[in-house]
Amino acid sequence: MTDKTNPYYIAYLREKKARAEVEQVLEDYTRQVFEKNMLLEQQIKKIRNQQQSLIQQEKLALLGTLAAGVAHEINNPLAFVISNVTTLNSYVSDLLAVIPQDTLNDADKRNISFIIEDLPDLISDTNQGFDRIKDIVKHLLFFAKTDSEQISEVDLVDAIEMAIKLLGPKLKNVSVKQDLKAVEKIPFNSGELNQVLINILVNAIQACEHMPSDTSEIEVKLAQDHDEIMLSISDNGCGMNQEVKQRMFDAFYSTKPVGTGTGIGMSIVLQILKQHNATIDVQSELDQGTIIKIGFNLSACM
């Protein structure tokens, strides 16, 4: 009797085969469990990121609400002060006009002459300061529009100019060139449009700050061709390598030091533009600068 006909040998082979099948099933099951665990971890991470993004957007909405409240609070006393200064100027002019010159000595005459000469410049400088405050309040109110569902006809030129003025303190070492053609108004949530513009402009400013050049420059262009409106924001800053460019719209991806950036700015930009049927294209090279083009299709927006 050969080994192949030996019942013990046959039983051994059958047991070996069964053991191998069980081990294969166990290995397959273990691999499936591992893959499901990995997928579950990714989903949990995604949910946490989305939760953090929602929290951040709520913070931005709250900040907008607070900014609007502060702006309104400033507006009321500002109106009183402007009115009172105008009235005060009138009172002083009337008083100076009725003072009898023949009763004054030379020193008093010189003082009054100085007041008469200096008063218009003083009032003019004061009014310029008030106008500056009014502009800041106006920009804050425009930026603070955060109605999540309210779509209105937005003037892109006004929105761009206000965003640049709002970022004025950050532009001390960066020059901004504007080539803004008159275009049709677009249906857009104005508060979300502000977020898009501010995020992109802040990134451009920070990219320029990383370069040693004294000729840091941001160029903003706006033009329309039939139903297509194209907004281009370019800078001659540090630019991006291929890896950073591919991940720039990923939530919580940031190349900035810890504590200086949330990494959600551009992901919010992409989300907002998609919701409004707008497109975004990014061209960038390391140490060569970045060009971001945003397209608004009027027929798609309607």
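Two strands count as paired when DSSP finds at least two bridges between them. Keep that handy for these exercises on a predicted model.

**Exercise 1.** In what order do the 5 strands of the open sheet line up, and which are the edge strands?

*Solution.* Start with the order: reading across the open sheet, you get 2-4-5-7-6, and the pairing is mixed. Next, look for strands that pair on one side only: these are strand 2 (175-180) and strand 6, the edge strands. Finally, check the twist: ignoring direction, neighbouring strands in this sheet are turned by 10° against each other on average.

**Exercise 2.** In which sense do strand 4 and strand 5 pair, and over how many bridges?

*Solution.* The two strands pair in the antiparallel sense, with 8 bridges. Now pick out one bridge: Glu-219 has Ser-234 in strand 5 as its partner. Then find what links the strands: the loop between strand 4 (217-225) and strand 5 (228-235) holds His-226.

**Exercise 3.** Is His-226 buried or exposed, and why? Do the same for Asp-287: what does it count as?

*Solution.* Take His-226 first: its relative accessibility is 68%, and exposed means over 50%, so His-226 counts as exposed. Its phi is positive, near 60°, though the residue isn't a glycine.

Asp-287 sits in the loop between strand 6 (278-285) and strand 7 (289-297). At 48% relative accessibility, Asp-287 counts as partly exposed. Asp-287 isn't a glycine either, yet has a positive phi of about 65°.

**Exercise 4.** Which strands does helix 3 lie across?

*Solution.* Helix 3 (residues 156-166) lies across strand 2, strand 4, strand 5 and strand 7. Against strand 2, helix 3 runs at about 175°.

Conventions
Residues numbered from 1 in each chain as written. Predicted model: local features only at pLDDT ≥ 70, side-chain atom pairs only at ≥ 80, totals over all residues. Heavy atoms only, no water. Buried < 20%, exposed > 50% of the residue type's maximum accessible area, 1.4 Å probe, protein only. Helix = DSSP H or I, 4+ residues; strand = E, 2+ residues; numbered from the N terminus. Axes fitted to C-alpha atoms, helices over the stretch in contact; angles between N-to-C directions. Contact = heavy atoms within 4.5 Å.
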